[in-house]
Amino acid sequence: MYVIVPVDAVCYNSTQQCFWIRSSGSSERDTANTNCLAEGGELSTIATQDVWDFVKNEFGGTTGIWTGLSYRMAKPVFRWPNGQPLTYDAWNTGEPNGITNDPSTQQECVSIWYTSFKMHDAVCSSTPPYRLCSTPGM
Ligand SMILES: [Ca+2]
């Protein structure tokens, strides 16, 4: 299967996934995902430690990045858009801290922050400056 991706996408061979980063345009999670879909991907799946290390190597230094990780699909279990569970720990200290059934405070979506490239759960209507898109991979 061939997938058309942006020319600046970087691809990780072992999962056959390609990644690209864009300004989010101050968009919330669903808009960021819609914009990734329009470019041939979706908000990123970074499902294993190897892929995480690859992505950190490529995009580390950028801070405030939407990923596709969320617990919307299988509350309260975080899953990547391609359905894979979270199998490693890249959470910042004290995170995740927004797993709740209260719609006004639940942090169902996940962004990456700081030079340490760590995950934070966040309300899906928050607007980090970047979005990381990927193909689903295998
Ligand atoms: Ca949080």
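Two residues count as being in contact if their C-beta atoms, placed from the backbone, lie within 7 Å. With that in hand, here are some close-up views of this predicted model.

**View 1. Helix 2 and its buried side.** Welcome to helix 2, which spans residues 49–59 and has Val51, Phe54 and Val55 as buried residues. These residues lie on the same side of helix 2, because they cover an arc of only 95° around the axis. Look to the other side of helix 2 and you will find Gln49 and Asn57, which are exposed. What lies over the buried residues? The cover on the buried residues of helix 2 includes strand 1 (10–12) and strand 2 (17–23).

**View 2. Just past the end of helix 2.** Follow the chain a little further and you come to Gly61, just after helix 2. Gly61 takes a positive phi of about 100°.

**View 3. The hairpin of strand 5 and strand 6.** Here strand 5 (residues 109–113) and strand 6 run antiparallel, joined by five bridges. To find your bearings, pick out Cys109, which stands opposite Ala122 in strand 6. The two strands form a hairpin, with four residues between them. In the turn, look for Tyr114, which has a positive phi of about 70°. Strand 6 covers residues 118–122, and four of its five residues are buried, so strand 6 is largely enclosed by the rest of the structure.

**View 4. Strand 7 and its surroundings.** Strand 7 takes in residues 130–134. Why is strand 7 described as largely enclosed by the rest of the structure? Four of its five residues are buried, and that is the reason.

**View 5. Strand 2 beside strand 7.** Strand 2, which you met as part of the cover on helix 2, is joined to strand 7 by five bridges, and the two run antiparallel. A handy landmark is Phe19, found opposite Ser134 of strand 7.

**View 6. Strand 3 beside strand 7.** Strand 3 is made of residues 42–43 and pairs with strand 7 in the antiparallel sense, over two bridges. Which residue of strand 7 is the bridge partner of Glu42? The partner is Ser134, a residue you may remember from its place opposite Phe19.

**View 7. Strand 4 beside strand 7.** Strand 4 (residues 65–70) also has two bridges to strand 7, and this pair is parallel. To see where the strands meet, look for Ile65, whose bridge partner in strand 7 is Tyr130.

Note on methods: Residues numbered from 1 in each chain as written. Predicted model: local features only at pLDDT ≥ 70, side-chain atom pairs only at ≥ 80, totals over all residues. Buried ≥ 20, exposed ≤ 12 C-beta atoms within 10 Å, placed from the backbone. Arc of directions from axis to C-beta. Pairing = 2+ DSSP bridges.
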